[in-house]
Amino acid sequence: MRPLWKVDRLPSRWDVVRRHGVLFLVTGGILLASFVVRPERIPFRTCVFACVTDRPCITCGYIRAFSAMAKGDWPYVFHDSPVVVVLYALTAFVFAWNAAALAFGVVLEPGPVLKSRGMKWSGAGLLIVLVLANWIYRLSMRSSPSITSARVRSRTLPPRRRYTP
């Protein structure tokens, strides 16, 4: 049986930090921000595409869904952006992978099974299909207001304000 990952000890701790530190900080920052940021307190619309077209872009709602996921509001996440469950789990996995490598002072690398071309392409393809399916779901949800519940409607962005000089 071929291993899923391999562990190497490098001569220097700095080599381990160089290999795993960036992803540890990026994924840790994303997870920390999802706990700290309250999307309803952002005073402006963060998506230019949504401001121009009044339709959600391909990643619209991910900030709100990540924040809801971190706070345990599962019904909102499953209703608003179901793919965020997978993305949040992947982010947590990458964070844990790099945290373990840094904690134990080793370099964790994908093994032959995870490094195979078929696994890379199928994983990337599956992620693209999930994100596109989520976008189609959000587009269809926005066009039929009968689907949205009062709870979800209360969390959507406020209407755009007209510019008055």
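# Close-up views of the predicted model

**View 1. The Asp15–Arg18 pair in helix H1.** Arg18 is exposed, with a relative accessible area of 62%; by the cut-offs used here, buried means under 20% relative accessible area, exposed over 50%, and partly exposed in between (1.4 Å probe, protein chains only). Asp15, at 18% relative accessibility, counts as buried. Their side chains meet in a salt bridge, 2.4 Å from N to O, where a salt bridge is a side-chain nitrogen of Lys or Arg within 4 Å of a carboxyl oxygen of Asp or Glu. Both residues lie in helix H1, three residues apart, about one turn of the helix. An α-helix has 3.6 residues a turn, so residues three or four places apart point the same way. This is a predicted model, in which local features need pLDDT of at least 70 and side-chain atom pairs count only at pLDDT 80 or more, while totals for chains, interfaces and linings use all residues. Residues are numbered from 1 along each chain as its sequence is written, and side-chain values use heavy atoms, with hydrogens and water left out.

**View 2. The whole protein chain, with its helices and strands.** The chain has eight helices and two strands, in the order β-α-α-α-α-α-β-α-α-α along the sequence. Helices (H or I, at least four residues) and strands (E, at least two) are DSSP runs, numbered from the N terminus. Of the 165 residues, 31% are buried. The chain exposes about 11,300 Å², and carbon and sulfur atoms supply 70% of that area; accessible areas come from the Shrake-Rupley method with a 1.4 Å probe, and for residues only the protein chains shown count as cover. Among contacts between residues at least 6 apart in sequence, 74% join residues at least 24 apart, a contact being heavy atoms within 4.5 Å.

**View 3. The salt bridge between Asp80 and Arg138.** The closest N and O atoms of Asp80 and Arg138 are 2.7 Å apart. This pair links distant parts of the chain, with Asp80 in helix H4 (residues 74-80) and Arg138 in helix H7, 58 residues apart. Asp80 and Arg138 are both buried. A search of the whole structure finds two salt bridges.

**View 4. Asn134 and Ile136 in helix H7.** Helix H7 spans residues 117-143 and holds Asn134. Is Asn134 buried or exposed? Asn134 is buried, because its relative accessible area is 4%. Neighbours within four places in sequence aside, Asn134 is in contact with Tyr62, Ser81, Pro82 and Val83. Ile136, also placed in helix H7, is exposed at 57% relative accessible area. From C-alpha to C-alpha, Ile136 and Ile58 are 8.6 Å apart in space, and they are 78 residues apart in sequence.

**View 5. Helix H5, residues 83-104.** With 22 residues, helix H5 reaches 32 Å from its first C-alpha to its last, close to the 32 Å expected at 1.5 Å a residue; the expected span is 1.5 Å times one less than the number of residues. The buried residues of H5 include Tyr88, Trp97, Asn98 and Leu102. Gly105, which follows H5, has a positive phi near 70 degrees. Leu102 is touched by Gly21, which also touches Val16, not counting residues up to four places away in sequence. Gly21 belongs to helix H1 and counts as buried, at 10% relative accessibility. Gly21 and Asn98 are 77 residues apart in sequence and 7.2 Å apart in space, C-alpha to C-alpha.

**View 6. A nonpolar patch on the surface.** Leu32, Phe35, Val36, Val37 and Ile63 make a nonpolar surface patch of about 470 Å². Patches are made of residues with over 30% relative accessible area and no salt bridge: like charges are joined within 9 Å, nonpolar side chains (Val, Leu, Ile, Met, Phe, Trp, Tyr) within 5 Å. Helix H1 (residues 13-36) gives the largest share of the patch, three residues. Leu32, found in helix H1, is exposed at 54% relative accessible area.

**View 7. The loop residue Asp54.** Asp54 lies in the loop between helix H2 (48-53) and helix H3 (62-71). Asp54 is not a glycine, yet has a positive phi of about 60 degrees. Most residues other than glycine have a negative phi. With a relative accessible area of 39%, Asp54 is partly exposed.

**View 8. Confidence along the chain.** The mean pLDDT, the predictor's confidence in each residue from 0 to 100, is 77 for the chain, and 73% of the residues reach 70 or more. Among the elements, helix H8 (residues 150-155) has the lowest mean pLDDT, 45, and H5 the highest, 90. Over residues 144-155 the pLDDT is below 50, and this stretch has 13 contacts in the model beyond near neighbours in sequence. Where pLDDT is low, the predicted coordinates should not be read in detail.
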